[in-house]
Amino acid sequence: MTHWQGKSNRKITGGKRFYHRKKRKFEISRDYELPMISEHKRKIIKSRGNNRKVRIVGAGEVNLSDGEGNVKRVEMKNVIKNPANPNYVQRNILNKGAVVETEKGKAKITSRPGQDGVMNAVLIEE
């Protein structure tokens, strides 16, 4: 189901708002597609102005930085904590701020996988 990102039918005071035009195509957003831990899958989406977005649908590895400039690609095991939504932990959904368990230890995701198409993370010291 698509989402309409226009104004509400009601004013702040609770009164009815009367529109001077109909809904427009550029006010409609796309369905949510949440990236999960699985085999690596990407999806290219056409956006407005003949541009493209790369959306990660599934990821099994992450570019892990240790904070000193060293970056290695390591495998993710599962999601430990997700401040955005506690249900995302059970479903292994990845987004910015999620803490994942890797081979090297716990890591916090710093990129936006649904927008950037990249999985970057920083190692958390325990």
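This report describes two asparagines in loops and a set of paired strands.

The model is predicted: local features need pLDDT of at least 70, side-chain atom pairs count only at pLDDT 80 or more, and totals for chains, interfaces and linings use all residues. Residues are numbered from 1 along each chain as its sequence is written, and side-chain values use heavy atoms, with hydrogens and water left out.

Helices (H or I, at least four residues) and strands (E, at least two) are DSSP runs numbered from the N terminus. Buried means under 20% relative accessible area, exposed over 50%, and partly exposed in between, with a 1.4 Å probe and protein chains only.

**Two asparagines with positive phi**

N50 is not a glycine, yet its phi is positive. N92 is likewise a non-glycine residue with a positive phi.

| Residue | Phi | Loop | Relative accessibility |
|---|---|---|---|
| N50 | about 60 degrees | between β4 (41–47) and β5 (51–59) | 77%, exposed |
| N92 | about 55 degrees | between α1 (87–91) and β8 (99–102) | 22%, partly exposed |

**Strands β8, β9 and β10**

Two strands pair if DSSP finds at least two bridges between them. β8 and β9 pair in the antiparallel sense over three bridges, and V99 has K108 in β9 as its bridge partner. These two strands form a hairpin with three residues between them, and G105 in the turn has a positive phi of about 140 degrees.

β9 also pairs with β10 (residues 120–123), in the antiparallel sense over three bridges. Here A107 stands opposite L123 in β10.

In a regular strand the side chains alternate between the two faces of the sheet. Along β9 (residues 106–109), A107 and I109 point to one face and are buried, while K106 and K108 point to the other and are not buried.
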